[in-house]
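Me: I'm new to reading protein structures, and I'd like a close look at one small sheet and a residue in it. Could you walk me through it slowly and show me what lies around it?

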Amino acid sequence: MGCRDNGYPSYVSNMAPCLALLDCNNFYVSCERVFNPSLQGKPVIVLSNNDGCVIARSNEVKALGVKMGAPFFQVQPLVRKYKIQVYSSNYALYGDLSQRVMVLLGELVPVCEVYSIDEAFLDLSLADGSSAKFAYQIRTIIRKWTKIPVSLGLGRTKVLAKIANRVAKQVPEYEGVFDLTTVDPEPVLAKVDVQDVWGVGYRYAKALRQQGIETALQLRNAPQGWIKQRFGVTLLRIVLELQGIPCIPLELCPTPKKGITCSRSFGRPVEQLAELKEAVATYTTRAAEKLRQENLAASVLTTFIMTNRFKEEPRYSNSATVTLPVATDDTAELIHYALCGAEAIYRPGFSFIKAGVMLLNLGPVSLVQSNFFDTRDRERYRLLMSTIDQINHRFGTGTIQFAAAGLKKTWKMRASNRSPRFTTRWDELPRVKA
Amino acid sequence: MPENSSPTPITNNSWVSGAFRPDYTTRYEFPLYLERVSAGFPSPADDHLDRKLDLNELLIEHPSATFFVRVSGDSMLKACVHPNDVLVVDQSLEPRDGNVVIAVVNGELTVKRLCKQGKRLLLMAENDDYPAIEIHEEMDLLIWGVVTTVIHRM
């Protein structure tokens with residue numbers, strides 16, 4: 001759709017734009033609390049894949065000073081002392097609840113860009129200026145329908161909406177909604193560290209601080225010509241957005257994927273080639289499923305393996321890239337190439353901690369051209385994959401697997417304390433007491 | 001193993017070139033129904049074929065707000081809610097007097113019938129062996145959702 005000069009789609013009329021960033025409070029923790037209401041008010045953390053580090057903290061845990069990403073072993077003493085409830089990540093649950101929130105949001109707000117699993121940008125421009133009231137209603141409805149608490153920050157631009165969202169979360173009196181379009185932004189921006197501005201990362205922040213720019217307000221007031229010359233047009237856009245001039249439009253059509261990767265760390269070090277191949281086959285299966293979901297085919301595949309960078313032991317990391325004769329989305333074919341790659345780069349005597357597969361050079365599967373020497377019956381295998389996908393969709397992921405992916409999978413990551421998949425498995429439904 | 005595979009030394013991110021075809025020396029036949037199973041004659045009903053009945057359509061009004069839960073216990077037998085039944089719970093509905101609801105009582109999800117008697121609020125069981133729970137002001141009551149359907153396997 002066309003954009004007007006100010007970067008806004010032309011269906012937004014001439015009223016002053018009002019964007020909002022909606023995000024779910026402590027999303028993974030909130031998901032765990034939906035079916036386990038006794039967790040309300042209690043300190044809860046959720047751990048990353050392999051129970052390695054903390055990826056979600058409840059407010060009670062934040063108050064104890066636990067940082068995002070803290071390694072779990074470091075947090076153990078606090079867990080024991082304050083009886084913090086620990087959960088392994090339950091992505092089946094989080095993904096389902098996220099979808100519910102986003103679908104509901106899409107019904108309430110016509111113009112909506114889903115930004116991540118728990119964030120969305122909304123266009124809340126309303127002719128009568130009742131955007132904040134609408135935001136409160138959205139918050140109430142989402143809380144009621146899905147039990148997920150959300151916060152909304154309103155601003156003229158995405159960058160300002162993000163800042164407003166932080167304020168909404170930090171100040172309980174605002175009850176989850178803060179409107180930066182109806183107040184003087186300067187005192188608010190003066191309290192925001194420049195590194196916390198969306199789009200300003202560690203390196204930009206360091207350089208800016210050296211020039212005396214430490215707050216969002218100072219960045220906003222910086223001379224535009226100098227910013228563009230010294231830091232480039234990306235930072236200039238952020239400065240303009242801080243001034244209330246929209247430069248980053250809502251992305252309503254997601255850009256097509258450039259690559260699909262599947263990789264995980266192992267639950268324990270893997271030394272045998274056979275186990276490594278099982279893992280690579282498993283990750284390839286998952287990546288291929290994603291490929292088919294997007295109706296894409298890949299013509300380049302990279303397998304990579306690595307040892308633990310942080311341990312005092314012999315290090316080895318390598319990858320093998322294969323150009324496929326014909327672009328494909330067929331799991332069996334991809335597994336074969338991925339395993340050849342794994343065999344080629346494997347070296348005995350190392351403890352591998354991670355492996356992965358990258359599918360690259362993606363293109364629409366309908367445009368795949370075979371070559372003269374291709375002997376594979378692609379129609380037949382396409383039907384087979386479609387059948388397998390349907391069965392796995394109906395009966396659960398992994399109902400039908402390729403033998404190369406292994407049956408026991410003892411290398412699989414730990415998830416020792418994962419809650420049941422309450423919303424995606426019939427045999428894991430929440431129980432209610434009659 | 002693939003044919004024509006000369007052991008090419010692979011270094012970081014190098015491109016593997018050369019003929020490299022998957023091995024097809026073994027084959028397993030899987031019967032796949034590649035053609036539609038046809039009735040063998042043009043059915044007089046073809047022009048009137050209606051759509052398929054979908055239980056989701058019948059039972060779920062607000063998908064984003066609808067959850068399934070499983071029942072433990074027998075305090076709601078007279079309401080036809082048996083142990084191990086699946087309940088369809090709609091969180092978007094306003095709980096009304098007389099609705100069977102899921103309530104959070106003492107941190108637990110419980111299924112009871114909501115009763116308003118004048119100023120009193122009660123969670124009633126549907127089984128003479130169980131008493132009603134009266135909700136006092138100090139109690140922390142949250143109505144988690146309204147039960148719209150009970151799915152009971154005979």
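Reply: Let's settle the vocabulary: helices are DSSP runs of H or I with at least four residues, strands are runs of E with at least two, and both are numbered from the N terminus. Keep in mind that this is a predicted model.

Try the vocabulary on chain B, which has one helix and eight strands. Along the sequence they follow the pattern β-α-β-β-β-β-β-β-β. Of the 154 residues in chain B, 29% count as buried.

Now for the close look, in chain A. Here we find an open sheet of three strands in the order β3-β2-β4, with mixed pairing. Its edge strands are β3 (54-57) and β4 (85-88) of chain A, each pairing on one side only. From one strand to the next, the twist averages 25 degrees. Strand β2 of chain A covers residues 44-47 and pairs with β3(A) in the antiparallel sense, over three bridges. You can trace one pairing yourself: Leu47(A) has Val54(A) in β3(A) as its bridge partner. Packed on this sheet is helix α3 of chain A, residues 72-82, which touches β2, β3 and β4 of chain A. The direction of α3(A) makes about 160 degrees with that of β2(A).

Next, zoom in on Ser88(A), which belongs to strand β4 of chain A. Is Ser88(A) buried or exposed? The cut-off for buried is under 20% relative accessible area. Ser88(A) counts as buried because its relative accessibility is 1%. The side chain of Ser88(A) makes a polar contact of 2.9 Å with the side chain of Asp51(A). A polar atom of the Ser88(A) side chain also lies 3.3 Å from the backbone nitrogen of Ser416(A). Setting aside neighbours within four places in sequence, Ser88(A) is in contact with several residues, including Glu32(A), Val46(A), Tyr94(A), Ala415(A), Asn417(A) and Arg418(A). Leu47(A), the bridge partner of Val54(A), is another of the residues that Ser88(A) touches.

For comparison, look at another sheet in chain A. This one is open too, with five strands in the order β5-β6-β1-β7-β8 and mixed pairing. At its edges are β5 (112-114) and β8 (177-179) of chain A. Neighbouring strands are turned by 15 degrees against each other on average, direction ignored. Five bridges join β1 (residues 19-24) to β6 (residues 119-123) of chain A, and these strands run antiparallel. Among the pairings, Asp23(A) has Glu119(A) in β6(A) as its bridge partner.

A helix goes with this sheet as well: α6(A) lies across β1, β5, β6, β7 (150-155) and β8 of chain A, at about 135 degrees to β7(A). The axes of α6 (residues 158-170) and α11 (residues 233-242) of chain A come within 7 Å and cross at roughly 65 degrees. From α6(A), the contact uses Lys158(A), Val159(A), Leu160(A) and Ile163(A), while α11(A) brings Ile238(A), Glu241(A) and Leu242(A). These residues divide into five nonpolar, no polar and two charged.

Definitions and conventions. Residues numbered from 1 in each chain as written. Chains lettered and ligands numbered in written order. Predicted model: local features only at pLDDT ≥ 70, side-chain atom pairs only at ≥ 80, totals over all residues. Heavy atoms only, no water. Pairing = 2+ DSSP bridges. Axes fitted to C-alpha atoms, helices over the stretch in contact; angles between N-to-C directions. Contact = heavy atoms within 4.5 Å. Nonpolar A, V, L, I, M, F, W, Y, C, P; charged D, E, K, R; others polar. Buried < 20%, exposed > 50% of the residue type's maximum accessible area, 1.4 Å probe, protein only. Polar contact = N/O pair within 3.5 Å; in protein donor to acceptor, adjacent residues only side chain to side chain.
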